[in-house]
Amino acid sequence: MTTLFVRHEVSDYAAWRKVYDAFAPVQKANGVMAEAVYQAADNPNDVTVTHEFATVEAAQAFGKLQELRAAMRTGGVLGAPTVWLTNKA
């Protein structure tokens, strides 16, 4: 099991969340087995998202999707996200 973590700031969490939720079918079609969204306790626009995949390769392919990049722009992501992958031990 591989987990893709993405942390970024958004301009408006409510607007971002609508775009994120609408993106669910694309997530599922591209190997996302589970997902979660977290907000920083002191800043609701500081968002960390996790997506679980069967393999590292599936997670990497998802991260390269043009549809994902377009959704992030539409959702109001500010700046470059911090991204990292982990494997469940």
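Select Gly 31. At 29% relative accessibility, Gly 31 counts as partly exposed. The model is predicted, so colour by confidence if you like, then keep going. Gly 31 sits in the loop that joins helix H2 (24-29) to E2. Show its surroundings. Setting aside residues up to four places away in sequence, Gly 31 touches Glu 52 and Phe 53. Now pick the C-alpha atoms of Gly 31 and Ala 59. They are separated by 7.7 Å, although the two positions lie 28 residues apart along the chain. To be exact about that pair, Gly 31 and Ala 59 are 28 residues apart along the chain.

**Phe 53 and the core**

Move to Phe 53. Which residues does Phe 53 touch, not counting those up to four places away in sequence? The list is Met 1, Thr 2, Leu 4, Asn 30, Gly 31, Val 32, Met 33, Ala 58, Ala 59 and Phe 62. Both Gly 31 and Ala 59 appear there.

Next, select Leu 4, Val 10, Trp 16, Val 47, Phe 53, Phe 62 and Leu 68. These touch the most other members of the largest nonpolar core, which has 18 residues. Now colour by element of secondary structure. E1, H1, E3, helix H3 (56-63) and helix H4 (66-75) each supply at least two residues of this core. In soluble globular proteins, nonpolar side chains tend to be buried together.

**The sheet**

Switch to cartoon. Find the open sheet of 4 strands. Its order is E2-E3-E1-E4, and the pairing is antiparallel. Strand E2 (34-40) and strand E4 (77-87) stand at the edges; each has a single partner strand, so one side of each is left without a neighbour in the sheet. From one strand to the next, the twist averages 20°.

Select strand E1 (residues 2-10) together with E4. The two pair in the antiparallel sense over 8 bridges. One residue to pick here is Thr 3, in strand E1. Its bridge partner in E4 is Thr 86. Is Thr 3 buried or exposed? Thr 3 is buried, because its relative accessible area is 13% and the cut-off for buried is under 20%. Leaving aside neighbours within four places in sequence, Thr 3 is in contact with Thr 50, His 51, Glu 52, Trp 84, Leu 85 and Thr 86.

Now add helix H1 (residues 13-22). H1 lies across E1, E2, strand E3 (43-53) and E4. Against E3, H1 runs at about 20°.

**Aromatic pairs**

Show the aromatic side chains. The whole structure holds 5 aromatic pairs. Zoom to Phe 5 and Trp 84. Their rings are stacked, 5.0 Å centre to centre, with 5° between the planes. This pair links distant parts of the chain: Phe 5 is in strand E1, Trp 84 is in strand E4, and they are 79 residues apart. Phe 5 is partly exposed at 22% relative accessibility. Trp 84 is partly exposed too, at 35%.

Go to Trp 16 and Tyr 20. Why does this pair count as stacked? The ring centres are 5.0 Å apart and the planes stand at 25°, and planes under 30 degrees apart count as stacked. Both residues lie in helix H1, 4 residues apart, about one turn of the helix. Trp 16 and Tyr 20 are both buried. Add Tyr 13 to the selection. Ring pairs link Tyr 13, Trp 16 and Tyr 20 into a cluster.

**Salt bridges**

Finish with the charged side chains. How many salt bridges are there? The count comes to 2.

Select Asp 46 and Arg 7. Their side chains meet in a salt bridge at 2.5 Å, N to O. Distant parts of the chain are linked here: Asp 46 is in strand E3 and Arg 7 in strand E1, 39 residues apart. Colour the two by accessibility. Asp 46 counts as buried at 14%, whereas Arg 7 is partly exposed at 40%.

Then select Arg 17 and Asp 21. This salt bridge is 2.9 Å, N to O. Both residues lie in helix H1, 4 residues apart, about one turn of the helix. Arg 17 is partly exposed at 26% relative accessibility. Asp 21 also counts as partly exposed, at 42%.

Terms used:
Residues are numbered from 1 along each chain as its sequence is written. This is a predicted model: local features need pLDDT of at least 70, side-chain atom pairs count only at pLDDT 80 or more; totals for chains, interfaces and linings use all residues. Side-chain values use heavy atoms; hydrogens and water are left out. Two strands pair if DSSP finds at least two bridges between them. Axes are lines fitted to C-alpha atoms, for helices over the stretch in contact, and angles run from 0 to 180 degrees between N-to-C directions. Contact means heavy atoms within 4.5 Å. Buried means under 20% relative accessible area, exposed over 50%, partly exposed in between (1.4 Å probe, protein chains only). A salt bridge is a side-chain nitrogen of Lys or Arg within 4 Å of a carboxyl oxygen of Asp or Glu. Rings of Phe, Tyr and Trp (its six-membered ring) pair if their centres lie within 6.5 Å; planes under 30 degrees apart count as stacked, over 60 as edge-to-face and the rest as tilted. A nonpolar core is a set of buried Ala, Val, Leu, Ile, Met, Phe, Trp, Tyr and Cys residues joined through side-chain atoms within 4.5 Å.
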